Amino acid sequence: SDLFRNMGAVLCQLRRIEEGLNYLQQALTLSRSLKQINVEMQTLYSLALAELARHDVAAAQEHTEALITLAQQYQSKALLSSGLYTSGLIHQQKGEIAQAQSIWQQAIFLAHESGNRILLWRIHAALAEVTAEASLAQVHRSIAADVLFQMAQPIADMNIRRKFLSSPPVRPILMAVA
């Protein structure tokens with residue numbers, strides 16, 4: 001099930017959403033049948049992101065609600081923060097910016113507690129995108145950039161480190177604080 005989830009998530013990141021969704025659905029079915037709760041939660045997160053990428057807010061909401069319910073039930077702060085992050089993205093797509101910001105503030109706290117740096121920089125980047133006050137948006141960009149540099153620091157291979165720092169999701173954040 002985890003292989004299906006990984007394959008689906010990678011395909012979605014490569015913008016091959018429909019193909020990725022097929023793998024993610026297989027992962028969800030298999031993880032549920034094998035009672036692999038962690039893989040199920042990770043798959044729900046990937047499904048929510050994939051549905052948001054194709055602007056199916058209703059499907060993203062369904063996956064997000066299932067993720068949040070399971071994360072609360074199994075007391076997974078890391079995956080609860082992921083669910084809150086996608087919930088904020090859903091509110092953002094609906095134009096409900098204040099709700100998105102409020103939810104992302106909760107997600108930041110949980111991401112800090114669980115040490116989820118990947119999610120932490122993404123939440124700060126999302127907050128920078130929707131924050132009306134320029135100085136506060138810049139603070140969020142700076143925090144996101146700091147987290148990204150912390151993530152890159154232990155990468156010994158300079159070519160891999162450069163690729164990470166120049167990747168499409170990362171580069172705009174770093175350019176905005178340069």
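**Reading a helical model, feature by feature**

Visitor: Let me start with one side chain: how does Ile 118 count, as buried, partly exposed or exposed?

Guide: Ile 118 counts as partly exposed, because its relative accessibility is 44%, and the middle class runs between 20% and 50%. This residue sits in helix α7. Please keep in mind that we are looking at a predicted model.

Visitor: How far from Ile 118 is Ile 160, in sequence and in space?

Guide: Along the chain, 42 residues separate the two, and from C-alpha to C-alpha the distance is 17 Å.

Visitor: Since the model is predicted, what is the mean pLDDT of the chain?

Guide: The mean is 96, and 100% of the residues reach 70 or more. Broken down by element, α4 has the highest confidence, at 98, while α10 has the lowest, at a mean of 93.

Visitor: Now to the interior. Which residues of the largest nonpolar core touch the most other members?

Guide: That core holds 48 residues, and those touching the most other members are Leu 84, Tyr 85, Trp 104, Trp 121, Ile 123 and Ile 173. The helices that each supply at least two residues to this core are α2 (17-33), α3 (37-53), α4 (57-73), α5 (77-93), α6 (97-114), α7 (117-130), α8 (134-152) and α10 (171-177). The largest share, eight residues, comes from α7.

Visitor: Could we zoom in on one of those? What does Trp 104 touch, not counting residues up to four places away in sequence?

Guide: With those neighbours set aside, Trp 104 touches Leu 84, Tyr 85, Gly 88, Leu 89 and Gln 92, and also Ile 123, Ala 126, Leu 127 and Val 130. Two of these partners, Leu 84 and Tyr 85, appeared in the list of core residues that touch the most other members.

Visitor: And Leu 148 in helix α8: buried or exposed?

Guide: Leu 148 counts as buried, since its relative accessibility is 0%. Beyond residues up to four places away in sequence, it touches Trp 121, Phe 164, Leu 165, Val 170, Ile 173 and Leu 174. As for Leu 127, it is 21 residues from Leu 148 along the chain, and their C-alpha atoms are separated by 16 Å.

Visitor: How should I read a whole helix, say α3? How many of its residues are buried?

Guide: Count the buried residues, then ask what they pack against. In α3, 12 of the 17 residues are buried, leaving the helix mostly covered. The buried set includes Val 39, Met 41, Tyr 45 and Leu 52, and it also takes in Glu 40 and Glu 51. The buried residues pack against α1 (2-13), α2, α4, α5 and α7. Its length is worth a check too: from first C-alpha to last, α3 reaches 24 Å, close to the 24 Å expected at 1.5 Å a residue.

Visitor: What backbone feature follows just after α3?

Guide: His 55 takes a positive phi of about 65 degrees there, although it is not a glycine. It lies in the loop between α3 and α4, and its 61% relative accessibility is why it counts as exposed.

Visitor: What phi does Gln 75 have?

Guide: Gln 75 has a positive phi of about 50 degrees, and it is not a glycine either. This one lies in the loop between α4 and α5 and counts as exposed, at 69% relative accessibility.

Visitor: Ser 76 is found in that loop between α4 and α5 as well. Is Ser 76 buried or exposed?

Guide: Ser 76 is buried, because its relative accessible area is 17% and the cut-off is under 20%. Leaving aside neighbours within four places in sequence, Ser 76 is in contact with Met 41 and Ala 71. Asn 116, in the loop between α6 and α7, also counts as buried, at 19%. Outside the nearby sequence, up to four places away, Asn 116 touches Ala 78, Ser 81, Ser 82 and Ala 111.

Visitor: Finally, empty space. What is the volume of the largest pocket, and which residues lie nearest its centre?

Guide: Rolling a probe the size of a water molecule over the atoms reveals where empty space remains. Here the largest pocket has a volume of about 1,400 Å³. Its lining has 37 residues, with Gln 13, Tyr 45, Leu 49, Tyr 85 and Arg 122 nearest the centre. Two or more lining residues come from each of α1, α3, α5, α7 and α10.

Key. Residues numbered from 1 in each chain as written. Predicted model: local features only at pLDDT ≥ 70, side-chain atom pairs only at ≥ 80, totals over all residues. Heavy atoms only, no water. Core = buried A, V, L, I, M, F, W, Y, C linked by side-chain atoms within 4.5 Å. Buried < 20%, exposed > 50% of the residue type's maximum accessible area, 1.4 Å probe, protein only. Helix = DSSP H or I, 4+ residues; strand = E, 2+ residues; numbered from the N terminus. Contact = heavy atoms within 4.5 Å. pLDDT = per-residue confidence, 0-100. Expected span 1.5 Å × (residues − 1). 1 Å grid on protein atoms, 1.4 Å probe; cavity = no way out; pocket = protein on both sides within 12 Å on 5 of 7 lines; lining within 4 Å. Points joined across faces, edges and corners; volume = space filled by probe spheres on them.
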